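This report is written for someone meeting the structure for the first time. It moves from the chain as a whole to single residues.

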Amino acid sequence: MKILFTLFVLVLLFGCGGGGGGTEISDDSSNNNISIQPENDYTNDESIILLLGAMSLAEGAIQISDIISAEFNYFYLSNDIINYRTCENNGKVAWNNSPTTPSKGQLVLDFQNCLLTYFPNKSYEQERFNANGQVTLNYEILSTTDSNLNDYRKPGVVKYSLDVTHSVLSISEPLPNRPQVFIEFEFALTSEQEWNTNEYNINTDGYRNREIIIESFYAPIITNNYDSLTNTNISQSFEESDTNYNGESYKMTLEGQFLSGFDNTTWQMESNYEISLAGGSPTGRTSINNENNLVVGVADNFEMSLLYNQNILGYALIYDLFYTDTLWYLKGNKELTDNTQRITPLTIIESNEDTFNIFDDSQQLELTYNKIIDEAYIDLFNLENYFASTGSATFEVLDNKLIIKPPKNEEDNVIGITVQVGSKLSIDHNIYKFTYDRFNRGEFSYGLGAYLPTKNIFLSSNSSAWLEKNEQGKITNVFYGHNSFGRLCYDKQNKYLILEQNYQEKHIKVDIDTYELLDEYPNAFMTINSIDNYCNDVNYKQKTGSAIIEQYTFSTKQSNVFENSEFALTHRVAPNPLSNNSIYILANTMDYDESKIQEFTLLDNSAISNEKYVYNSKLYNNNNFFLVSEEEGRIYTPTRILDLYDPSYVIHKFNDTSILYVDKENHLIVTYSAIYNSENFDKVMDLSFIDNNIFLSKVIKTNDSYHFKLNNDVDFIVKINQIMK
């Protein structure tokens, strides 16, 4: 909603128009009787702000009507066992319905951190914002279609009325820690439409009209003071085009009072617009007037001209003035519901996963979804042995309920179930994994992302949004505004993140709390050590397929290269904390049956080989763990712990396993097969049951757990206090 619309920027759009000399405008309304004073009360800029503020307020009132109408239609067409709608960011709109008859009652819509998306009809921008608050409406369904709609188990609403009592919503941008804006409103609406069926036997919206009677609508449009519409009637009608896109038409009229928070003045407001033919331009006008002032916006040919007391102030494109086509279009019930379905993820709303025992073949897994299920796929996998078969499960679909019957299994100890469900009412499939350990040695989660310890969340991204998840993999927030990312790091003071942008040759820096963009780094790269995601100012990597080490410095945005033939088999690079211009590399020897640690001094564009320490061991499971710890005085390699001050001295060697993680705080070393005390190397906990998992790639430490990254994107979670007992 354009409540946060920066009207002062729009003043610049009219700057080239110039306030012409007393140009007359056609006037077929009661404004003909307004007396125009020789002295204007407002500057040209102020008059522009006042008119566009009034139009933005009307746009906001119509958008709120659309949003509430959409939520009501979604509620009406939903399965009777559902009592809330899940939002894109895992917030919700809870329903408290008190029916007095099957078609009449009171409904409370409780918006709980719900991310809303407002869809335009044509080439306008989508608008997204978070909403909180309760909206109470008295509804009555006056008529419906004779038969059920194609995609639903209920008839479509032909005519209904909503009486919205005084309600307050707070809205904010869909990014963390953004200021809230409060909107107050009270209105009644009546909507009526026809239903059509196209050549594919799909129900579509036909001719429709809507009347909105606004008792009051308050929002801070122009300044922090509230602007308002009161005693305002809005009438809209829309005729859909035929298959040749001919005949589409739209009409809108508005009459009411506009109170400006700019100077606490009251204006009579009138609007009258029409659009003929598909893709046409709105034609018509909006005027606000009081005793001494008349401000008019005239729309035609995709432009709007502005006049103040008969003087033309300038012109601007309608697309530049309004981010959506709210004022020029009326959505039907099908479109409102379909749009709401698009932004409502297909989710599980009820399950018995916590009590279900996959090792008891008399039990079944029951999952209830928020939409009717049209397709389902079930896959079983073994987390102890990726290549072992666990059999196949049978399942049954009952509307929006899925019942899964796993096969009898007496051999496997750790079994996972991947459930993929699709619905005609959802763009994306729902994919969820359930994992069970016969001996209950830990918990499981999946698809988490990078861990941010100060926020105690996991951050990941998809093609359109950033997702915050808790340790159980549940999405807690979704944020829009940035492209998807790959890896990330955070600074030690927890002020910012640096993220690797997917499919782009750049990194970005964002504020860790607000995700506000702080800087960009073209052609950058980052190196992250094996135990945390701290950002390094100076970063090193081997240039792919060469004997060159690349260096990038974020503070200067400068890059450099160093060449040495011995770099060719490099696995990992780490700076030497005892020297400002030297690095250590972890590499194979030429015959690949030995590993080596080697120090190089970096001078200009060359690297001078210093000491070399070779060990007769291969990389275990292709693991290339490498950590140089100045505070411990150690160098950790996959199988050995070396003395930082004398790397020829081996402090400890692990046989038939490899290091995955070093927990300096708790003095623990995590390997593929066990967890050890890092001081005396005693075994603290056995992990041999996951040692055969060939996809075990790394360990992530959270505030209270270790996450082992296994195959099928599953995390095996071990609580640290369980280890420390």
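The paragraphs below describe the overall make-up, the enclosed space, the salt bridges, a surface patch and three chosen residues.

**The chain as a whole**

The model is predicted, and what is said here should be read with that in mind. Its chain is built with five helices and 48 strands. Of the 725 residues in the chain, 54% count as buried. The surface that the chain exposes comes to about 32200 Å², and carbon and sulfur atoms supply 44% of that area. When contacts between residues at least 6 apart in sequence are considered, 53% of them join residues at least 24 apart.

**Enclosed space**

Rolling a probe the size of a water molecule over the atoms shows where empty space is left. In this structure there are five cavities of 30 Å³ or more, and the largest cavity holds about 160 Å³ of space. Its lining is formed by 14 residues, and those that lie nearest its centre are Ile67, Ala70, Thr117, Tyr118 and Thr340. Three elements, namely α2 (44–77), β3 (104–118) and α4 (333–342), each supply at least two residues of the lining of the largest cavity. Which element gives the largest share of that lining? The answer is α2, from which four residues come.

**Salt bridges**

A search of the whole structure finds 21 salt bridges. The table sets out three of them, with the N to O distance for each pair.

| Salt bridge | Distance, N to O |
|---|---|
| Arg441 and Asp437 | 2.9 Å |
| Lys541 and Glu550 | 3.9 Å |
| Asp663 and Lys701 | 3.0 Å |

The surroundings of these pairs can be described through the accessibility of each partner. In the pair of Arg441 and Asp437, Arg441 counts as partly exposed because its relative accessibility is 22%, whereas Asp437, at 6% relative accessibility, counts as buried. In the pair of Lys541 and Glu550, Lys541 is partly exposed at 35% relative accessibility, while Glu550, with a relative accessible area of 19%, is buried; the cut-off that matters for Glu550 is that buried means under 20% relative accessible area.

For the third pair, the salt bridge is made by the side chains of Asp663 and Lys701. This pair links distant parts of the chain, with Asp663 in strand β42 (residues 659–663) and Lys701 in strand β46 (residues 699–701), 38 residues apart. Are Asp663 and Lys701 buried or exposed? Asp663 is buried, and Lys701 is buried too. Elsewhere among the salt bridges, Glu566, Lys596 and Lys612 are joined into one network by bridges that share partners.

**A surface patch and strand β6**

On the surface, Val168, Phe182 and Tyr226 make a nonpolar patch of about 240 Å². One of these residues, Phe182, lies in strand β6 (residues 181–197), and at 40% relative accessibility Phe182 counts as partly exposed.

Glu186 also lies in strand β6, and with a relative accessible area of 30% Glu186 is partly exposed. When residues up to four places away in sequence are not counted, Glu186 touches Val164, Thr165, His166, Ile214, Glu215 and Ser216. The C-alpha atoms of Glu186 and Phe217 are separated by 6.5 Å, although these two residues are 31 residues apart along the chain.

Strand β6 contains Thr197 as well, and Thr197 is partly exposed, its relative accessible area being 48%. Leaving aside its neighbours within four places in sequence, Thr197 is in contact with Ile202, Asn203 and Thr204. Between Thr197 and Leu149, which are 48 residues apart in sequence, the distance in space is 9.9 Å, C-alpha to C-alpha.

**A buried residue in strand β8**

Ser228 has its place in strand β8 (residues 227–239). Why does Ser228 count as buried? Ser228 counts as buried because its relative accessible area is 2%, and buried means under 20%. Which residues does Ser228 touch, when those up to four places away in sequence are not counted? They are Leu57, Phe217, Tyr218, Gln257, Phe258 and Leu259. Phe217 thus appears twice in this account, here as a residue that Ser228 touches and above as the residue whose C-alpha atom is 6.5 Å from that of Glu186.

Definitions and conventions. Residues are numbered from 1 along each chain as its sequence is written. This is a predicted model: local features need pLDDT of at least 70, side-chain atom pairs count only at pLDDT 80 or more; totals for chains, interfaces and linings use all residues. Side-chain values use heavy atoms; hydrogens and water are left out. A salt bridge is a side-chain nitrogen of Lys or Arg within 4 Å of a carboxyl oxygen of Asp or Glu. Buried means under 20% relative accessible area, exposed over 50%, partly exposed in between (1.4 Å probe, protein chains only). Patches are made of residues with over 30% relative accessible area and no salt bridge: like charges are joined within 9 Å, nonpolar side chains (Val, Leu, Ile, Met, Phe, Trp, Tyr) within 5 Å. Accessible areas come from the Shrake-Rupley method with a 1.4 Å probe; for residues, only the protein chains shown count as cover. Contact means heavy atoms within 4.5 Å. On a 1 Å grid over the protein atoms alone, a cavity is a set of points where a 1.4 Å probe fits but cannot get out, and a pocket is an open set with protein on both sides within 12 Å along at least five of seven lines; lining residues have an atom within 4 Å of a point. Grid points are joined across faces, edges and corners, and a volume is the space filled by probe spheres set on the points.
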